[in-house]
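Q: I've got a structure open in the viewer and I'd like to learn how to read it. Can you walk me through it feature by feature?

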Amino acid sequence: MTDSPFLSHPFDDDKLREECGIFGVTGVTDAANFVALGLHALQHRGQEAGGIVTYTQETGFNSARRFGYVRDTFTSAKLMETLPGSLGIGHVRYSTSGSKGQTQIRDVQPLFAEFAMGGCAIAHNGNLTNADALKRELIERGSIFQSSSDTECIIHLMARSIQKNIPERIKDALRRVEGAFSVIAMTRSKLIGVRDPLGVRPLMLGKIGEGFALASETCAFDIIGAEFLREIEPGEMVIITEDGIESFFPFERMEPRFCIFEHVYFSRPDSVIGGRSVYETRRQIGVELAREAPVEADLVCPVPDSGTPAAIGYSQESGIPYAMGIIRNQYMGRTFIEPTEHIRNMGVRLKLNVNRALIKGKRVVLVDDSVVRGTTSRKIKEMIVDAGAKEVHFRIASPPTKWPCFYGVDTPEQDKLLASTMSEDEMRLHLGVTSIKFISLDGLYRACGEDGGRHVLTPQFCDACFSGEYPVRPADMIDRGFKVKKSA
């Protein structure tokens, strides 16, 4: 997590973090305002910085990049007036690659470049697993990098392509990269969306009036009143102009491996993925968890807010009453800066508080989406015990997180992942809870609509953070000494 003081939020650092959210729109008046709204809906995917690029014939390409929340930066009428046009794209960032903790404005997307055939802006969600090797090659051939972002590799690969137009140069560039990518790009007249052949990261297509929109999630369409049309397919490229939409498949076809953690945590619960409500999938995870890990208890309580749908499902299936045993302080934003070490050591209490009258003397089931380092889980347990709980049972709505992600998710080093160094019983003792149980990988697959569970030979999702089976070889990390369990 970034250490930027204006984004300090020390008690959210025990979660996996998505790298970014992307949004684009064309065929609307004041596109920048629509982009800002779309990015606001995608703020959960990146809170470090954001950027918007638009185009008009009169002013050319217009760009604004800022640190901080969309609501704090792209709400100024004066700023938005500098972004005219009916075509625009945007990006919200949480750094995984590049200079983590010391992001500079040059790292903030969308990135922009002028080519012989015109300008192009690019916003990228994901991570290129061969970026180090590509960067070394490009620098040796004379490229000069301006940022620490792996996305800049795409710009330089485009610059070296011999193709005659920008969409073809984008195809050329993306055929050279490995890893996970959903890309939204724009030229003077085109909005372009591309998804990697495995479809690891999401990308959605919507319609607004006579125009169209692309977004990481469907919730971004809701805020601007757009109609969700469909998902961009794995390996698909769409080019949207005033004449309509063209679709291409420029990559070798592969079996899709969508990130299963989008269902567990990353996506907003009001989004739709694969034709399924994210909320309903998370509720069903709770149902499966109750079937796999029942316990005698008095209350089922979510760890807010990410554990709420699964806790509801667990309560419904188990018959144990659901209750808000932990209350979230809605007014502790990311701008909160602890004035003293004493206050800082209050830890999670600054954000969460226990409903003591409800908890005292009760056997409590706490439902959370995941356990990463275990630091926050331990603090929450202590709060529940201090409030007089008789027993504390953790039920986790994902399998044990044992492996780092290299496809656009900020993951601690493997030895910092609690489940990679401890057995389930060791975690129970370390956290000091009465019991702890995780949903099985098969149970998670069933909750996501795969009735037969996980196919061992050809998994339906990317579940590398749980299984260690990486669908794309993390070449850069292997070069740095990382030992993979298995790679496709």
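A: Sure. Let's begin with accessible surface: it is worked out by the Shrake-Rupley method with a 1.4 Å probe. Keep in mind that this is a predicted model. Here the accessible surface of the chain is about 19,600 Å², and carbon and sulfur atoms account for 50% of that.

Q: What percentage of the 488 residues in the chain do buried residues make up?
A: A residue counts as buried when its relative accessible area is under 20%. By that cut-off, 59% of the 488 residues are buried. As for the fold, the chain has 18 helices and 27 strands.

Q: How do I read contacts along the sequence?
A: Look at how far apart the partners sit in the chain. Taking contacts between residues at least 6 apart in sequence, 68% join residues at least 24 apart. Ile223 gives you a case to click on: 182 residues separate Ile223 from Ala41 along the chain, yet their C-alpha atoms are 6.9 Å apart. Ile223 is in helix H7 (residues 219–224), and beyond its sequence neighbours within four places it is in contact with Leu37, Gly38, His40 and Ala41.

Q: Is Ile223 buried or exposed, or somewhere in between?
A: In between. Ile223 counts as partly exposed because its relative accessibility is 35%.

Q: What about nonpolar cores?
A: In soluble globular proteins, nonpolar side chains tend to be buried together. In this model the largest nonpolar core has 74 residues, and those with the most contacts inside it are Phe23, Val25, Ile52, Phe74, Phe261, Tyr407 and Leu444. Helix H1 (residues 31–41) gives the most to this core, with 6 residues. There's also a second, separate core of 28 residues, with Phe145, Ile166, Ala185 and Val194 among them.

Q: Which residues does Tyr407 touch, not counting those up to four places away in sequence?
A: The partners include Gly126, Asn127 and Thr129, then Gly179 and Ala180, then Val200 and Arg201. Further along the chain, Tyr407 also touches Cys462, Tyr470, Pro471 and Val472.

Q: And how many cavities of 30 Å³ or more does the structure hold?
A: There are 4 of them. The largest has a volume of about 90 Å³. Its lining includes Phe261 and Tyr407, two residues you just met in the largest core. Others in that lining are Leu16, Cys259, Ile260, Phe266, Cys405, Val409, Cys462, Ala464 and Cys465. Helix H8 (261–266) and helix H17 (464–467) each supply at least two of the lining residues.

Q: How do the lining residues of the largest cavity divide into nonpolar, polar and charged?
A: You get 11 nonpolar, no polar and no charged.

Q: How should I read a helix for burial?
A: Start with the repeat: an α-helix has 3.6 residues a turn, so residues three or four places apart point the same way. Then count how much is covered. Helix H5 (residues 152–160) is mostly covered, with 7 of its 9 residues buried. Those are Glu152, Cys153, Ile154, Ile155, His156, Leu157 and Met158. They pack against strands E6 (111–115), E7 (118–128) and E8 (179–186), as well as helices H4 (131–140) and H6 (166–176).

Q: Why do Lys381 and Ser271 count as buried?
A: Check each number against the cut-off, which is under 20% relative accessible area. Lys381 counts as buried because its relative accessibility is 13%. It is found in helix H13 (residues 375–386) and, past its sequence neighbours within four places, is in contact with Val392, Phe394, Leu431, Gly432 and Val433. Ser271 is buried because its relative accessible area is 1%. Ser271 lies in the loop between H8 and strand E16 (272–273), and its contacts outside the four-place window are Glu217, Thr218, Cys219, Arg276, Ser277 and Val278.

Q: Any backbone oddities I should look up?
A: Look at omega for cis peptide bonds and at phi for positive values. Gln109 and Pro110 are joined by a cis peptide bond with omega about 0°, and Pro110 is in the loop between strand E5 (87–93) and E6. The bond from Pro304 to Asp305 is cis too, with omega near -5°. Asp305 falls in the loop between strand E18 (299–302) and helix H10 (308–318). As for phi, Asp30 is not a glycine but has a positive value of about 55°. You'll find Asp30 in the loop between strand E2 (20–26) and H1, partly exposed at 46% relative accessibility.

Definitions and conventions: Residues are numbered from 1 along each chain as its sequence is written. This is a predicted model: local features need pLDDT of at least 70, side-chain atom pairs count only at pLDDT 80 or more; totals for chains, interfaces and linings use all residues. Side-chain values use heavy atoms; hydrogens and water are left out. On a 1 Å grid over the protein atoms alone, a cavity is a set of points where a 1.4 Å probe fits but cannot get out, and a pocket is an open set with protein on both sides within 12 Å along at least five of seven lines; lining residues have an atom within 4 Å of a point. Grid points are joined across faces, edges and corners, and a volume is the space filled by probe spheres set on the points. Helices (H or I, at least four residues) and strands (E, at least two) are DSSP runs, numbered from the N terminus. Ala, Val, Leu, Ile, Met, Phe, Trp, Tyr, Cys and Pro count as nonpolar, Asp, Glu, Lys and Arg as charged, and the others, Gly among them, as polar. A nonpolar core is a set of buried Ala, Val, Leu, Ile, Met, Phe, Trp, Tyr and Cys residues joined through side-chain atoms within 4.5 Å. Buried means under 20% relative accessible area, exposed over 50%, partly exposed in between (1.4 Å probe, protein chains only). Contact means heavy atoms within 4.5 Å.
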